[in-house]
Amino acid sequence: MMTPGNMPQGIANIIELDRKLRNDIAQYFFALQKMNDPAKSIELLAGHVAIMVEMINELKKNA
């Protein structure tokens with residue numbers, strides 16, 4: 001089993017980016033809720049989802 005100390009740098013970097021991204025997404029969601037504008041919140045989230053779907057499809061091409 002790999003531990004953070006013997007993990008390849010690329011994987012360790014991805015894990016750290018993933019941790020930060022998940023935290024940022026949660027903060028973004030709560031900020032959207034506070035905005036109290038569901039239509040605008042959905043529009044903003046949908047834009048991010050569309051980008052991520054494009055990324056997934058790009059990765060699938062090379063899988």
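Which side chain meets that of Lys-40 in a salt bridge? The partner is Glu-43, with an N to O distance of 3.4 Å. The model is predicted, and the values below are computed from it.

Start with the setting of that pair. Lys-40 and Glu-43 both sit in helix α2, three residues apart, so about one helical turn lies between them. Lys-40 has a relative accessible area of 33%. That value falls between the 20% and 50% cut-offs, so Lys-40 counts as partly exposed.

Lys-40 also has a part in helix packing. Helix α1 covers residues 9-35 and packs against α2 at an angle of about 155°. The two axes are 9 Å apart. An angle over 145 degrees counts as roughly antiparallel, and α1 and α2 are therefore roughly antiparallel to each other. On the α1 side, Tyr-28, Leu-32 and Met-35 make the contact. On the α2 side, the contact residues are Lys-40, Ser-41, Leu-44, Leu-45 and His-48. By class, these residues divide into five nonpolar, two polar and one charged.

His-48 deserves a second look. This residue belongs to helix α2, which spans residues 38-61. Its side chain joins that of Tyr-28 through a polar contact of 3.4 Å. Both residues are in the set that makes the contact between α1 and α2. Is His-48 buried or exposed? The answer lies in between: at a relative accessible area of 42%, His-48 is partly exposed.

Now return to the salt bridges. The count for the model is four. The bridge of Lys-40 with Glu-43 has been described; two others follow.

One is in helix α1. Glu-16 pairs with Arg-19, and their closest N and O atoms are 2.6 Å apart. These residues are three apart in α1, so about one helical turn separates them. Glu-16 is partly exposed, at 31% relative accessibility. Arg-19 is partly exposed too, at 48%. The upper limit for that class is 50%, so Arg-19 stays within it.

Another bridge is in helix α2. Here Lys-61 pairs with Glu-58, the closest N and O atoms being 3.3 Å apart. Both residues lie in α2, three residues apart, about one turn of the helix. The two ends of this bridge fall into separate accessibility classes. Lys-61 reaches 63% relative accessibility and so counts as exposed. Glu-58 has a relative accessible area of 43% and is partly exposed.

Definitions and conventions
Residues are numbered from 1 along each chain as its sequence is written. This is a predicted model: local features need pLDDT of at least 70, side-chain atom pairs count only at pLDDT 80 or more; totals for chains, interfaces and linings use all residues. Side-chain values use heavy atoms; hydrogens and water are left out. Helices (H or I, at least four residues) and strands (E, at least two) are DSSP runs, numbered from the N terminus. Buried means under 20% relative accessible area, exposed over 50%, partly exposed in between (1.4 Å probe, protein chains only). A polar contact is a pair of N or O atoms within 3.5 Å; within protein, one must be able to donate a hydrogen and the other to accept it, and residues adjacent in sequence count only if both atoms are side-chain atoms. Axes are lines fitted to C-alpha atoms, for helices over the stretch in contact, and angles run from 0 to 180 degrees between N-to-C directions. Angles under 35 degrees count as roughly parallel, over 145 as roughly antiparallel, 65 to 115 as roughly perpendicular and the rest as oblique. Contact means heavy atoms within 4.5 Å. Ala, Val, Leu, Ile, Met, Phe, Trp, Tyr, Cys and Pro count as nonpolar, Asp, Glu, Lys and Arg as charged, and the others, Gly among them, as polar.
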